[in-house]
Amino acid sequence: MHNAIINIKNLRLRTYIGFNPEELEKQQDVIINAEIHYPADLAMLTDDKENAVNYKTITKRMIALVEDGKFQLLEKLTSDLLDIAKEHPSIHYAKVTVDKPHALRFADSVSLTLETTT
């Protein structure tokens, strides 16, 4: 069995994230990275898009969620993104990391990672 690994790297979006008053009023940058595993044997043999996981569809759904949403916690945002990443029935592992740049004064960013196996 051949395992395909889709990597979505540094998807830069803006959303409402946080619970402090200034965070509720102004969108902030978030950077999303996702890793998605699925068996690729059938896609490799047939060269048919119906036998593969469509990363464009996944990314579009992630963008819509982030841009249209409001989140208090990185945990909730990351969990919702992970749900999108693992929706396709062929996916057996997914991991999502969300970075919140400049969240801490002396740090480049704060990030949270969630992963799941199905």
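Glu87 is partly exposed in this predicted model, with a relative accessible area of 46%, and its side chain takes part in a salt bridge with Arg61, in which the closest N and O atoms are 2.2 Å apart. Because Arg61 belongs to helix H3 (residues 55-68), while Glu87 sits in the loop between helix H4 (74-85) and S4, this contact ties together parts of the chain that are 26 residues apart in sequence. Arg61, for its part, is also partly exposed, at a relative accessible area of 37%.

The contact between Arg61 and Glu87 belongs to a set of five salt bridges. Another member of the set joins the side chains of Asp29 and Arg14, with 2.5 Å from N to O. Here too distant parts of the chain are linked, since Asp29 lies in strand S2 and Arg14 in strand S1 (residues 3-17), and the two residues are 15 apart. Asp29 counts as partly exposed because its relative accessibility is 39%, and Arg14, at 36%, is likewise placed in the partly exposed class.

A salt bridge within a single helix is found in H4, where the side chains of Asp80 and Lys76 meet at 3.0 Å from N to O. Asp80 and Lys76 are four residues apart in helix H4, so about one helical turn separates them. The two partners differ in their exposure: Asp80 has a relative accessible area of 15% and is therefore buried, the cut-off for that class being under 20%, whereas Lys76, at 46%, is partly exposed.

Beyond helix H4 and the loop that holds Glu87, the chain reaches strand S4, which spans residues 93-101 and is mostly covered, with eight of its nine residues buried. Strand S4 has pairing partners that include S2 (residues 28-39), to which it is joined in the antiparallel sense over seven bridges. Within this pairing, His37 stands opposite Tyr93 in S4. Strand S2 is also the strand that holds Asp29, so that the residue in contact with Arg14 of strand S1 belongs to an element that pairs with S4.

Strand S4 also pairs with strand S5 (residues 109-117), the two running antiparallel and being joined by nine bridges. In this second pairing, Lys95 stands opposite Glu115 in S5. As a general point for reading such strands, side chains in a regular strand alternate between the two faces of the sheet.

Note on methods
Residues are numbered from 1 along each chain as its sequence is written. This is a predicted model: local features need pLDDT of at least 70, side-chain atom pairs count only at pLDDT 80 or more; totals for chains, interfaces and linings use all residues. Side-chain values use heavy atoms; hydrogens and water are left out. Buried means under 20% relative accessible area, exposed over 50%, partly exposed in between (1.4 Å probe, protein chains only). Two strands pair if DSSP finds at least two bridges between them. A salt bridge is a side-chain nitrogen of Lys or Arg within 4 Å of a carboxyl oxygen of Asp or Glu.
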